Amino acid sequence: MLEPHQQRVVEEHDELFLRTTKLGLFFATDMFKSLDLAEQCRLSKQWHIMGDYVEVLEQRIAAFSAK
């Protein structure tokens with residue numbers, strides 16, 4: 001059983017993982033391809049940062065069971 005603050009981390013991870021996945025899928029769309037290069041680069045940077053954030057949350061979740 002997780003503590004309430006730990007459950008919030010799990011929920012944050014799940015939501016962010018889904019948003020990151022959806023953004024990654026957006027890269028294959030015609031709408032993404034129609035954006036100017038600068039916006040494509042910003043979205044790509046955002047996706048990478050979101051991925052890093054997901055990884056940190058996964059590490060925190062793994063640490064819950066290591067205690």
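Biologist: In which helix is the place of Thr 20?
Modeller: This is a predicted model, in which local features need pLDDT of at least 70, side-chain atom pairs count only at pLDDT 80 or more, and totals for chains, interfaces and linings use all residues. Residues are numbered from 1 along each chain as its sequence is written, and side-chain values use heavy atoms, with hydrogens and water left out. Helices are DSSP runs of H or I with at least four residues, numbered from the N terminus. On that basis, Thr 20 has its place in helix α1.

Biologist: Is Thr 20 buried or exposed?
Modeller: Buried means under 20% relative accessible area, exposed over 50%, and partly exposed in between, with a 1.4 Å probe and protein chains only. The relative accessible area of Thr 20 is 10%, so the residue is buried.

Biologist: Which backbone oxygen lies 2.7 Å from a polar atom of the side chain of Thr 20?
Modeller: A polar contact is a pair of N or O atoms within 3.5 Å; within protein, one must be able to donate a hydrogen and the other to accept it, and residues adjacent in sequence count only if both atoms are side-chain atoms. For the side chain of Thr 20, the partner at 2.7 Å is the backbone oxygen of Leu 16.

Biologist: Which residues does Trp 47 touch, not counting those up to four places away in sequence?
Modeller: Trp 47 is found in helix α3, and with a relative accessible area of 31% it is partly exposed. Contact means heavy atoms within 4.5 Å. With residues up to four places away in sequence not counted, Trp 47 touches Thr 20, Leu 23, Gly 24 and Phe 27.

Biologist: Which helix supplies the largest share of the largest nonpolar core?
Modeller: A nonpolar core is a set of buried Ala, Val, Leu, Ile, Met, Phe, Trp, Tyr and Cys residues joined through side-chain atoms within 4.5 Å. The largest one has 10 residues, among them Val 9, Leu 16, Phe 32 and Met 50. α1 and α3 each supply at least two residues of this core. The largest share, five residues, comes from α3.

Biologist: How far apart are the end C-alpha atoms of α3?
Modeller: The expected span of a helix is 1.5 Å times one less than its number of residues. α3 has 30 residues, so the expected span is 44 Å. The end C-alpha atoms agree with this, at a separation of 44 Å.

Biologist: Which residue caps the N-terminal end of α3?
Modeller: The cap places a side-chain oxygen 3.1 Å from the backbone nitrogen of Ala 38. That oxygen belongs to Asp 36.
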